[in-house]
Amino acid sequence: ILPTATVAPPTEVPTAVPTVKPSATATPAPVAQVITSKNAAGLTTSRKWGAGTIRKVDLSPDETKLLVGTSQGLWLFDAANLKTLWKSITRFAVRDAAFSPDGKTIAAVGDTNGVTLWDAATGSAIKTLFGHSDWLTAVDFSSTGLLATGGWDKTIIIWDMATGNPIHKISAHTDLVNSVRFSGDGKLLVSGSRDMFVKVWD
């Protein structure tokens with residue numbers, strides 16, 4: 001009688017178990033405190049920068065970009081980390097600058113009789129509008145597609161931004177116009193002058 005062959009049981013191949021990587025736990029970004037009367041005395045400098053005499057600072061409408069106008073030109077920064085997005089060394093000292101309501105255009109004025117428009121995304125100059133007879137000190141956009149400028153010639157010019165043409169020139173003050181500002185709805189314009197008067201226009 002031949003011996004019966006003993007058959008070894010099949011070797012069980014272990015099933016590969018996928019390695020589960022632990023999910024990364026994001027560190028929450030610090031939350032900026034709202035500045036109030038209670039904590040204002042404790043404000044500290046978080047970042048600083050400088051180039052020339054600083055005459056204008058402004059945040060973009062979405063508050064993600066910081067515009068700085070100086071005696072040397074224009075700088076645009078990331079508002080969160082102060083990283084330079086672009087700079088434009090102008091041929092004039094900037095005295096005022098403003099974002100358009102959609103944040104796509106920047107208007108700047110200064111020691112020249114023109115208002116220059118920049119592409120906010122690239123820093124490229126688009127065009128310069130001329131109509132004043134002396135240096136400019138003030139500029140502002142309205143929510144209705146207009147632009148106001150004022151300066152040493154004591155006048156205010158209202159520009160149509162769709163065409164770039166002046167639509168109204170106001171003999172506003174008896175001395176240089178230091179400031180112009182539209183109301184939020186674009187129905188009023190306020191101007192201030194070295195003649196010591198504030199005027200409201202509609």
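This passage describes an open sheet, a hairpin and a surface patch in a predicted model. Residues are numbered from 1 along each chain as its sequence is written, and side-chain values use heavy atoms, leaving out hydrogens and water. Local features need pLDDT of at least 70 and side-chain atom pairs count only at pLDDT 80 or more, while totals for chains, interfaces and linings use all residues.

A good place to begin is the open sheet. Four strands (E, DSSP runs of at least two residues, numbered from the N terminus) form this sheet in the order E5-E6-E7-E8, with antiparallel pairing. Strands E5 (94–99) and E8 (125–130) stand at the edges; each has a single partner strand, so one side of each is left without a neighbour in the sheet. Strand E5 pairs with strand E6 (residues 105–110) in the antiparallel sense over five bridges, where pairing requires that DSSP finds at least two bridges between two strands. The bridge partner of Ala98 in E6 is Ala107.

Next comes the hairpin, formed by E14 and E15 with four residues between them. Strand E14 (residues 189–193) and E15 pair in the antiparallel sense over four bridges, and Gly192 stands opposite Val198 in E15. In the turn, Met196 has a positive phi of about 75°.

Strand E15 (residues 198–201) also holds Val200. Val200 is exposed, with a relative accessible area of 55% (exposed means over 50%, buried under 20% and partly exposed in between, with a 1.4 Å probe and protein chains only). Together, Leu188, Val190, Val198 and Val200 make a nonpolar surface patch of about 330 Å². Such a patch joins nonpolar side chains (Val, Leu, Ile, Met, Phe, Trp, Tyr) within 5 Å, and like charges within 9 Å, from residues with over 30% relative accessible area and no salt bridge (a side-chain nitrogen of Lys or Arg within 4 Å of a carboxyl oxygen of Asp or Glu). Accessible areas come from the Shrake-Rupley method with a 1.4 Å probe, and for residues only the protein chains shown count as cover.
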